[in-house]
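Colleague: I would like a close look at one part of this protein, namely its nonpolar interior, with enough of the surroundings to place it.

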Amino acid sequence: MPSSIVHSSRAGTTESARRFDLYTTLSREDDRDRSLKTLVTVLPDLTGFEVIDVVHTEFKSRFVEHGFMLGQFYPGCTQPGLWNHDFHPLDAPLPMLVARHMMTTDFPFLVGRQEWLCAYFKKFAPALPSTLRLTIAKRMKYDGDAVDAITAHHELTGNEPGR
């Protein structure tokens, strides 16, 4: 990895750690409106967009573990849409990282890692015993290409629209 990316990645990691702390402060458990809060960090001077992916990869698990989602947006982002691989919803005019509360419809974005599914089930099925949540997560994890994992849930749910 070129040194400029490493330097930018370190700066992005430091900033992302600050943003994580800020978002957890803004999104307190006792706040009824916490699911409506989103933190958008726009990086207008960033030109090495690969840094966004590096930071996203490094921090997504930390956000998911706490019931949050972290999204990466930048010019030319090739992450496909949920229903259409030719649509690129994360292709944005400016590079940014976006933190928000996890929603039930985030399941397709979490099927690629067992620990993400465990966090999802902990949030949305807390009455299930933790060993059962782990067993379900192990069985539902999609072992394949990360892009394919996003749409793999069609096999599990058919074409049922999100609710």
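How much area does the protein expose, and what share of it do carbon and sulfur atoms supply? From there, please go on to the largest nonpolar core, which is the part I want to see closely.

Modeller: Bearing in mind that this is a predicted model, the protein exposes about 9,700 Å², and carbon and sulfur atoms supply 56% of that area. Of its 163 residues, 36% are buried, and the chain comes to six helices and three strands, which follow one another along the sequence in the pattern α-β-α-β-β-α-α-α-α. The largest nonpolar core has 14 residues, and those that touch the most other members are Ile-52, Val-55, Phe-59, Phe-63, Leu-70, Leu-97 and Ala-99. Two or more residues of this core come from each of helix H2 (50-65), strand E2 (68-73) and strand E3 (96-101), with H2 giving the most, at five residues. Separate from this is a second core of twelve residues, among them Val-64, Val-111, Trp-116 and Tyr-120. As for contacts across the chain, if one takes those in the protein with a separation of 6 or more, 57% of them join residues that lie 24 or more positions apart. Turning to the cysteines, Cys-77 is buried, with a relative accessible area of 3%, whereas Cys-118 is partly exposed, at 21%. The count of disulfides, taken as pairs of cysteine sulfur atoms within 2.5 Å, comes to zero.

Notes
Residues are numbered from 1 along each chain as its sequence is written. This is a predicted model: local features need pLDDT of at least 70, side-chain atom pairs count only at pLDDT 80 or more; totals for chains, interfaces and linings use all residues. Side-chain values use heavy atoms; hydrogens and water are left out. Helices (H or I, at least four residues) and strands (E, at least two) are DSSP runs, numbered from the N terminus. Buried means under 20% relative accessible area, exposed over 50%, partly exposed in between (1.4 Å probe, protein chains only). Contact means heavy atoms within 4.5 Å. Accessible areas come from the Shrake-Rupley method with a 1.4 Å probe; for residues, only the protein chains shown count as cover. A nonpolar core is a set of buried Ala, Val, Leu, Ile, Met, Phe, Trp, Tyr and Cys residues joined through side-chain atoms within 4.5 Å.
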